[in-house]
Amino acid sequence: MKKNLQHAFFIASILIISCNNPAEQAPPAEEKMEMASPEKPAYTPEMVVNKTDFTCGMPTSAGISDTCHYEGKAYGFCSAECKAEFQKNPAAALAAAQ
Ligand SMILES: [Zn+2]
């Protein structure tokens, strides 16, 4: 929320500067590049049903780099290797986790 406020202030600053210099307008593409920050993960823990990686036991809140769907649910994994291991026998992995 705090970041959103800072972001809004940043946009407001650009608008004020743009008003002072009508010839120099901020390109809208600049904002898009800022939105696609590399710090933002592609997957969030809220997107998956498992709290931990079934294969290595790492919490999904620590970072998800791959996901897979099984029986209509999304599961997150720290790596493609962990996902591949889960996909070898999803039923057994789920049973072991419960
Ligand atoms: Zn893992």
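**Close-up 1. The zinc site and the spacing of its donors.** In sequence, the residues that hold the zinc ion follow the pattern D-x2-C-x21-C-x3-C. They are D53 (OD), C56 (SG), C78 (SG) and C82 (SG), which coordinate the zinc ion at 2.1 to 2.3 Å. Donors here are N, O and S atoms within 2.8 Å of the metal (3.2 Å for Na, K and Ca), and water is not among the atoms, so sites may look incomplete. The four donor atoms subtend angles of 100 to 121° around the zinc ion, so the arrangement is tetrahedral (for four donors, all angles between 85 and 135 degrees). For orientation, the ideal angle for four tetrahedral donors is 109.5 degrees.

A note before you move on: this is a predicted model, in which local features need pLDDT of at least 70 and side-chain atom pairs count only at pLDDT 80 or more, while totals for chains, interfaces and linings use all residues. Residues are numbered from 1 along each chain as its sequence is written, and side-chain values use heavy atoms, with hydrogens and water left out.

**Close-up 2. Two of the zinc donors, C56 and C82.** C56 sits in the loop between α2 and β1 and C82 in helix α3, so this pair links distant parts of the chain, 26 residues apart. Helices (H or I, at least four residues) and strands (E, at least two) are DSSP runs, numbered from the N terminus. Which of these two cysteines is buried? C82 is, with a relative accessible area of 8%, whereas C56 is partly exposed at 44%. Buried means under 20% relative accessible area, exposed over 50%, and partly exposed in between (1.4 Å probe, protein chains only).

**Close-up 3. Aromatic rings around F54.** The whole structure holds six aromatic pairs, meaning rings of Phe, Tyr and Trp (its six-membered ring) with centres within 6.5 Å; planes under 30 degrees apart count as stacked, over 60 as edge-to-face and the rest as tilted. F54 and F77 have ring centres 6.3 Å apart and planes at 55°, so they form a tilted pair. Because F54 lies in the loop between α2 and β1 and F77 in strand β2 (residues 73-77), the pair ties together parts 23 residues apart in sequence. F54 is partly exposed, at 22%, while F77 is buried, at 1%. With F86, the ring of F54 makes a stacked pair, the centres being 5.2 Å apart and the planes at 15°. F86 belongs to helix α3 (residues 80-88), 32 residues from F54, and is buried at 2%. Ring pairs join F54, Y70, Y75, F77 and F86 into a cluster.

**Close-up 4. N50 and its surroundings.** N50 is found in the loop between α2 (29-35) and β1 (66-70) and is buried, at 5% relative accessibility. What does its side chain reach? One polar contact goes to the backbone oxygen of T52 at 2.9 Å, and another to the backbone nitrogen of G76 at 2.8 Å. Such a contact is a pair of N or O atoms within 3.5 Å; within protein, one must be able to donate a hydrogen and the other to accept it, and residues adjacent in sequence count only if both atoms are side-chain atoms.

Note on methods: Four donors count as tetrahedral if all angles lie between 85 and 135 degrees; four count as square planar and six as octahedral if opposite donors are over 155 degrees apart and all others between 65 and 115; anything else is irregular.
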